[in-house]
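Colleague: Got a minute? I'd like to go through this model with you.
Modeller: Sure, put it up.

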Amino acid sequence: MALKTYKDKTVLEAARERIAMLFDNFEKINVSISSGKDSCVLYHLCLQEAVERGRKFTAFFLDQEAEYENTIIVVRRMMQHEHVIPMWFQVPIYMTNATSYSEYFLYAWGPGEKWIREKDPMAVHSIGEAYPQRFYDFFKWYEGKNPDAAYLVGLRADESLTRYRAVTKHPGWNGIRWGSMDGDIKTFYPLYDWTVYDVWKFIYDYDIPYNKIYDLMFLDGQSIYKGMRISNLIHEKSYKCLVDLPRYEPETYNRLCERIAGIATASRYASEKLMFDNKTLPAHYKSWKEFRDFLLQNIPDREHREKFARRFEKQKASEKIYQAQVGQLLINDYENARPFDTKREERIGRIKEKWAELL
Amino acid sequence: MGRIAIAGTPNVLGIDIVIREAKIVSINDLFANAYNPNRMPKKEMDLLRECIIKYGFLFPIIASWDRNAGKYRIIDGFHRFEILKQIGARKASIIDLELSYHDAVQLTVLMNRIKGMHQVELMSDLVVKLEDLGVADEEICKNLGMEPEEYLRLKQQLGIAHSFRNHEYSRSWE
């Protein structure tokens, strides 16, 4: 994929061919849906193919409980089709809560807890064996159950080129460049060359029901080309959506506030600089190191404090690094879900030295 | 503190429903408290001035008599006070609450903080309704303090996908 070679067909024609090829070669087709626009398009392309062939495919959704109501509305619709085998999991799972220093996890669908909504009768409510209760591990476990299936994901290169490169570094099944292999698990990205324009055009052309949150974001003046992302509501990468949640889905916001600590604070301050952002050093502190030490010492949970401390010990002593560490401390990212580049300064230093030699 | 009870019986929580007596004082007898963290952006200040000019000074400033200053310290209504000075008003209507300093500080925060939020979808409906009532686009923008961008987005009720109807699918690549 070093060079981009354009073909004499549209992304839509190409995606249909890719999906037809997968239906030809795999008995089990599994589509991961998130209620986002990309997986929505992927699902409908597969549905059209399945209907034409009189076949069924599996739609997989791992429900994290802290989801928009509008997400659930779309997912429920997608799960209900006669050509779809619903794999909608509403099972106990731990979700990191980026908004709170006291409640590190949301134990989504935890037994005996007051969930933010009722479980859906169509969903899988319990699993008769031990399974990993974390998001990514659950995916791996689920895929391992059916290693002969084709796993389809709506990843697009223009959205995240780095992620696309990372997953396609090793060619996929049968040497395919728009897929990847991990052991014997075969993953495919039939929409990899689609742009955001193509995605919306397809949704418009086929009048596909999509997540209404996109319309609200659009009415609300958000950029069409970046930033419109839909995922669960409290994760390290998505908690900023809490700022808008009271104006998009007030009832979901109320229920979330009752469910877990930190929501109202994040909603009020997540868009402001000081509380969750590490761009400006608060005036009370002389250095990032001082601010970092303050935050570190005040983590209530000893185990997490030590986890942070152990990681930071291995990192270079510099203000840039301290600043990055503050960023992680502010969103309680003790698992390093949003890692920063610790070697960058060294690299820049080396480049500078080289230039100094040359000059 | 003058209170005129209207409904003689207190309600369930024992709160009297009263009309608090407002009084007119010289604008020079008021002063801003030093602690209020609330700042109103210029755009909203302009809107506030327009609003006062159009609808009048609708409700009194809440203040408390400060013995040391010999003036009324504002609890709620600082920005309206600023507008009154700007437009050359010499008097203001106030409600004089006898509150301890620490209660006054907290009431200021509560008055700022206890507010609803406009649901995006309902706001969109409202804008469309105003248009149906025959209010011109520019009028709506001006009266509600909206930029054309915000107004157009709110008015567009066909959904985001509609905006892409004329796009042609891009070339596939490998």
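Colleague: Which strand of chain A pairs with strand 8 of chain B, and in which sense?
Modeller: This is a predicted model, to say that up front. Strand 1 of chain A, residues 6-10, is the partner. The two strands run antiparallel, with two bridges between them.

Colleague: What stands opposite W173(B) there?
Modeller: Y6(A) does.

Colleague: And how much area do chain B and chain A bury between them?
Modeller: About 3500 Å². Carbon and sulfur atoms account for 62% of that.

Colleague: Which three residues supply the most on the chain B side?
Modeller: Y169(B), W173(B) and E174(B). Together they give 27% of the area chain B buries against chain A, more than any other three residues.

Colleague: How many residues does each chain bring to the contact?
Modeller: Chain B brings 25 and chain A brings 47.

Colleague: How many salt bridges cross the interface?
Modeller: Three. One of them joins E174(B) to R177(A), with the closest N and O atoms 3.7 Å apart. There are also 20 residue pairs in polar contact across the interface, counting pairs with both residues at pLDDT 80 or more.

Colleague: Which elements of chain B supply at least two residues each to that side?
Modeller: Helix 4 (120-132), helix 6 and strand 8 (171-173) of chain B. By type, the chain B side divides into eight nonpolar, ten polar and seven charged residues.

Colleague: Switching to salt bridges overall. How many are there over all chains?
Modeller: The count is 34. Take D148(A) and K28(A), whose side chains meet at 3.7 Å, N to O. They sit 120 residues apart and link distant parts of the chain. D148(A) is in the loop between helix 4 and strand 7 of chain A. K28(A) is in the loop between helix 1 and strand 2 of chain A.

Colleague: How do D148(A) and K28(A) class by accessibility?
Modeller: D148(A) has 47% relative accessibility, so it counts as partly exposed. K28(A), at 35%, is partly exposed too.

Colleague: What about a pair within a helix, say R153(B) and E149(B)?
Modeller: Their side chains form a salt bridge at 3.0 Å, N to O. They are four residues apart in helix 6 of chain B, so about one helical turn separates them. R153(B) is buried because its relative accessibility is 13%, under the 20% cut-off. E149(B) is partly exposed at 44%.

Colleague: And R255(A) with E251(A)?
Modeller: That salt bridge is 3.8 Å, N to O. The two residues lie four apart in helix 9 of chain A, so again about one helical turn lies between them. R255(A) is partly exposed at 32%, and E251(A) is partly exposed at 45%.

Colleague: Which residues are linked in a network with D24(A)?
Modeller: E49(A) and R53(A), through salt bridges.

Colleague: Back to strands. Why is strand 7 of chain B largely enclosed?
Modeller: Because five of its six residues, 91-96, are buried. Strand 3 of chain B joins strand 7 of chain B antiparallel over four bridges, with S26(B) opposite K91(B). Strand 5 of chain B runs parallel to strand 7 of chain B, over three bridges. In that pairing I61(B) stands opposite I94(B).

Colleague: Last one. Which residue takes a positive phi in the hairpin of strand 8 and strand 9 of chain A?
Modeller: G183(A), near 65°. The hairpin has two residues between the strands. Those strands pair antiparallel over four bridges, with G179(A) opposite F188(A).

Conventions
Residues numbered from 1 in each chain as written. Chains lettered and ligands numbered in written order. Predicted model: local features only at pLDDT ≥ 70, side-chain atom pairs only at ≥ 80, totals over all residues. Heavy atoms only, no water. Buried < 20%, exposed > 50% of the residue type's maximum accessible area, 1.4 Å probe, protein only. Pairing = 2+ DSSP bridges. Salt bridge = Lys/Arg side-chain N within 4 Å of Asp/Glu carboxyl O. Contact = heavy atoms within 4.5 Å. Buried area = accessible area lost by both parts, 1.4 Å probe. Polar contact = N/O pair within 3.5 Å; in protein donor to acceptor, adjacent residues only side chain to side chain. Nonpolar A, V, L, I, M, F, W, Y, C, P; charged D, E, K, R; others polar.
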